[in-house]
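Dear colleague,

I am passing on the structure below, and I would be glad if you could look through it alongside my notes, which follow directly after it.

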Amino acid sequence: LPEINEALDFLVQGFDEQGQPVFNPVLETAPGRAIAGALQGPEYQNYVGVIETLRTGVLLDALERATVGALSDGERQALSAEQGQLDPANPRGTYRAIMRMQEIAQESINRRNREAGASNGADDGLSEEDQALIDRYTQ
């Protein structure tokens with residue numbers, strides 16, 4: 001989802017030697033967030049706007065489309081719970097929530113494919129861009 005790409009690109013600046021995310025220093029501390037919020041730079045405004053958008057039903061609707069309706073009630077509940085963890089003031093918690101949401105969506109797609117008897121390499125409902133994003137942030 002482009003919204004997730006935008007949020008993650010601002011949130012995570014790369015990965016360290018152990019593969020752990022290196023968070024944007026602007027978001028890492030409360031004073032950094034306060035300064036960024038006071039300055040209202042376009043990148044910070046966009047990040048906050050994207051996180052707020054993702055907290056609404058927009059994300060759940062997009063994931064429902066991406067999984068081609070394969071979300072179970074339990075998966076929807078788990079996604080909703082993770083959605084509640086999205087908070088621009090908590091970059092680590094937001095990162096974990098986004099990663100978990102992508103994991104739930106991917107599990108749903110995989111389950112749908114298994115139930116449909118799809119083999120490896122079959123269309124899994126994700127665009128190449130979305131799959132690349134999942135691969136990038138789930139190392």
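The secondary structure of this protein, which is a predicted model, amounts to eight helices and two strands, and along the sequence these elements are arranged as α-β-β-α-α-α-α-α-α-α. Of its 139 residues, 40% count as buried, and among the contacts between residues at least 6 apart in sequence, 60% join residues that are at least 24 apart.

One helix pair that I looked at is formed by α1 (residues 2-11) and α4 (residues 42-55), whose axes come within 9 Å and cross at roughly 135°. Because angles over 145 degrees would be needed for roughly antiparallel, α1 and α4 are described as oblique to each other, and their crossing is left-handed. On the α1 side the contact involves Glu3, Ile4, Glu6, Ala7, Phe10 and Leu11, which meet Glu43, Tyr44, Asn46, Tyr47, Val50, Ile51 and Leu54 of α4. By class, the residues of this contact divide into nine nonpolar, one polar and three charged.

The other site that I followed up is Arg111, which lies in helix α7 (residues 91-115). Its relative accessibility is 22%, and Arg111 therefore counts as partly exposed, given that buried would require a value under 20%. The side chain of Arg111 makes a polar contact, at 2.7 Å, with the side chain of Glu75. In addition, the C-alpha atom of Arg111 is separated by 9.4 Å from that of Leu71, although the two residues are 40 residues apart along the chain.

With best regards

Methods. Residues numbered from 1 in each chain as written. Predicted model: local features only at pLDDT ≥ 70, side-chain atom pairs only at ≥ 80, totals over all residues. Heavy atoms only, no water. Helix = DSSP H or I, 4+ residues; strand = E, 2+ residues; numbered from the N terminus. Buried < 20%, exposed > 50% of the residue type's maximum accessible area, 1.4 Å probe, protein only. Polar contact = N/O pair within 3.5 Å; in protein donor to acceptor, adjacent residues only side chain to side chain. Axes fitted to C-alpha atoms, helices over the stretch in contact; angles between N-to-C directions. Parallel < 35°, antiparallel > 145°, perpendicular 65-115°, else oblique. Left-handed = near helix turned anticlockwise from the far one by under 90°. Contact = heavy atoms within 4.5 Å. Nonpolar A, V, L, I, M, F, W, Y, C, P; charged D, E, K, R; others polar.
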